[in-house]
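Thank you all for coming; I would like to take a few minutes to walk through one structure with you. Please look at the sequence and the model as they come up, and stop me if something is unclear.

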Amino acid sequence: MAKKVALLQGNEACALGAVYAGAKFFGGYPITPSTEVAEVLSIELPKVGGKFIQMEDEIAAMASVIGASLTGSKSITATSGPGVSLKQELIGYACIAEVPCVIINVMRGGPSTGMPTGPGQSDVMQAMWGTHGDHAAIALVPDSCQEIFTETVRAFNLAEKYRMPVQVLFDEIVGHMRERIEFPEPGELEVIDREAPSVSPADYKPYDSTKGQVPPLADFGSEYKYHVTGLNKADDGFPTTKASLVDAEERRQIDKVMDNIADIESNEEYMTEDAEIVIWAYGSTSRSARYAVNELRKEGIKAGLFRPITLWPFPAKRTAELATQAKAIVVAEMNLGQMVLEVERVAKGNCVVVHEGRVDGDPINPGQIMDKVKEVL
Amino acid sequence: MAYDYEKSIRPGKLPHIWCPGCGHGIVMKGLIRAMDTCELDRKNTAIVSGIGCASRLPGYLDACTLHTAHGRAAAFATGVKMAKPEMNVICCGGDGDGTAIGGNHFIHACRRNIDMTYVLMNNYIYGMTGGQFSPCTPTGDLASTTPYGNPDPIFDISKLAIGAGATFVARTTAAHPREIDKLIVKGIQHKGMAIIEVIDDCPTTYGRRNKFRSVIDMMKRLKTEAVPVKAAAKMTAEQLEGKFLTGVLFEDTEKPEYTAQYAEVIKKAQGA
């Protein structure tokens, strides 16, 4: 049977991906260029018995999402850079309290109000470091409308599996671009649901990691009563300042991600087998980079593309391998030098690493990348 | 016979963190009695708080308890109630948490008239951080950050709640413990946003700076300044100077409750 297809905007694909993943709660606040995610979910969620609420501000939106998730609802919010700045404290709350949720960031120019209708890729370091305290982060960076759909589903899967906030970042170009989408059939994409506790309510400890790095999370309003706090806590969920317990919990919350990079990582490579020059690019910029690779190859330049789809945790292993293979890595991104710092860190001087950036509201075009490649050669 | 609070308190969680003479414990006991009177199933009850001395209350109680970030109790609680309207939702916290950093969430939760009961302990001060002035510290009083006397005007929390759209608003004090549970019971039974403001005392960071020589002096002030609504009706404006009203200050049973309104949205979306 032919698949259902549609011409959809990236933001619309995101909303429908959330519904496919089983989202039952959206709490948000209007902000350009992400608003269509909210608009579509305000239509679609009540159809499946889900809840949509427009909160009074970005902070409240994040709070409502965490509260809803604790009752067992798969929960999502969508915003842009200024909104993520406001949500930062509660992103940290979701990290330490280990509450699954998905945060969509349709990236625009910045800092501050910046260029609300222009594209940007300048929130990529914020996605990793944008909350106080040590923590792990998962961030996904799709580059097409179809991939926004599938990566939104994967974001829910990772959030529920690893019991933590997961961010999906796409720039305004991909968010507002329209492309043909093929809708996966129900069951075609994996949908992971939260693991329920197997112990009795009397024995339940919300952070007991003796059976695995990610303890099962009980629903509020079920048979299980427990305590949730943003304070450092012991395995029973109650605050502690005991050094050994605080240390073990903090490390576990980072290890649960860093020990499972193979499961979380997702990259695409294009013509990297024999590449002497690797263009390292993500989101809409990777589309220009792919075009540049084709053109450069026509000119006899052995160029290739490395495209992270999981941006955090950083694809360190493969980037390091490419640094030993290639003469140079050109990191192209719509900012003045963010992911390039990570690439330089793992390249360890094994190849030249240069940056090609842009923050004037125009996309990075293939010619710009080709010029940089030729400059490096 | 002594009231059995033990069954409502989590084993091993006492003693609490509150100072001797603090009124928060009186409020907690009132809340326990009220939940018992309403026969709330603790498995189906979320108690949500922000940050501060008063916000440590949920941790002591055996229920689904959620100690959130500073000021955010009403917003987290809104998410819980929206996602699972069948749950009983109770918020608690202090005056700084609820009306300064959390002021926006407070007024919008009132506006929506979402079904929850918010027990706001107003002790006129930020206690946990050592006595800085809050939006409720009386003008002229001393706090650690108003060494020359507080220049700020205050919020009247109950009036704020009524103005913002809450449909049940009541006030009492920590010196009137029996009235605390009676009003919380009414709040829980009310379908919509219920605000129970309890004027409370902080001997440690407010009292000692403002010439209250003892907790008893602070309690006496609460008793002197509190005037029940009925009694106030027979008093002149002059007699009411420096007093505040207690009891049920406002009740509206007509305004639709938010999750009930959203249930209608779901019906429409599903073509019913």
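**Loops, a helix pair and the contact between chains**

Let me begin with a loop in chain A, the one that runs between β2 (23-28) and α2 (35-47), because that is where Pro33(A) lies. The peptide bond that leads into this proline, from Thr32(A) to Pro33(A), is cis, with omega near 0°. I should say at once that what you are looking at is a predicted model, with an ipTM of 0.98 and a pTM of 0.98, and that chain B averages a pLDDT of 97, with 100% of its residues scoring at least 70.

A cis peptide bond is also found from Trp312(A) to Pro313(A), again with omega near 0°, and if you follow the chain there you will see that Pro313(A) sits in the loop between β13 (310-312) and α11 (316-325) of chain A.

Staying with the backbone for a moment, which residue that is not a glycine has a positive phi of about 60°? That is Met271(A), which lies in the loop joining β10 (267-270) to β11 (277-281) of chain A. Is Met271(A) buried, partly exposed or exposed? Burial takes 20 or more other C-beta atoms within 10 Å, and Met271(A) has 17 such neighbours, so it counts as partly exposed.

Chain B offers a case of its own in Glu39(B), which is not a glycine either and has a positive phi of about 50°. Glu39(B) is placed in the loop between α1 (24-37) and β1 (45-49) of chain B, and because just 6 other C-beta atoms lie within 10 Å of its own, it is exposed.

Let me now step back to chain A as a whole, which contains 13 helices and 15 strands. Its radius of gyration is 21 Å, close to the 21 Å that the globule rule gives for 377 residues, so chain A is as compact as a globular protein of that length. Along the principal axes, its C-alpha atoms fill a box of roughly 70 × 45 × 45 Å. Of the 377 residues in chain A, 56% are buried, and when we take the contacts with a separation of 6 or more, 76% of them are between residues 24 or more positions apart.

One helix pair in chain A deserves a view of its own, namely α1 (residues 10-21) and α6 (residues 145-162), whose axes come within 8 Å and cross at roughly 35°. The crossing of α1(A) with α6(A) is right-handed. On the α1(A) side the residues that meet α6(A) include Ala13(A), Leu16(A) and Tyr20(A), while those on the α6(A) side include Ile148(A), Phe149(A) and Phe156(A). Sorted by class, this contact has 11 nonpolar and 4 polar residues, and no charged ones.

Finally, how many residues does each chain give to the contact between chain B and chain A? There are 32 from chain B and 33 from chain A. On the chain B side, β2 (64-67), α2 (73-83), α4 (103-112) and α10 (258-269) each supply at least two residues, and α2(B) gives the most, with 8 residues. By class, the side of chain B that touches chain A has 16 nonpolar, 11 polar and 5 charged residues.

Terms used
Residues numbered from 1 in each chain as written. Chains lettered and ligands numbered in written order. Predicted model: local features only at pLDDT ≥ 70, side-chain atom pairs only at ≥ 80, totals over all residues. pLDDT = per-residue confidence, 0-100. Axes fitted to C-alpha atoms, helices over the stretch in contact; angles between N-to-C directions. Helix = DSSP H or I, 4+ residues; strand = E, 2+ residues; numbered from the N terminus. Left-handed = near helix turned anticlockwise from the far one by under 90°. Contact = placed C-beta atoms within 7 Å. Nonpolar A, V, L, I, M, F, W, Y, C, P; charged D, E, K, R; others polar. Rg over C-alpha atoms; globule rule 2.2 N^0.38 Å. Buried ≥ 20, exposed ≤ 12 C-beta atoms within 10 Å, placed from the backbone.
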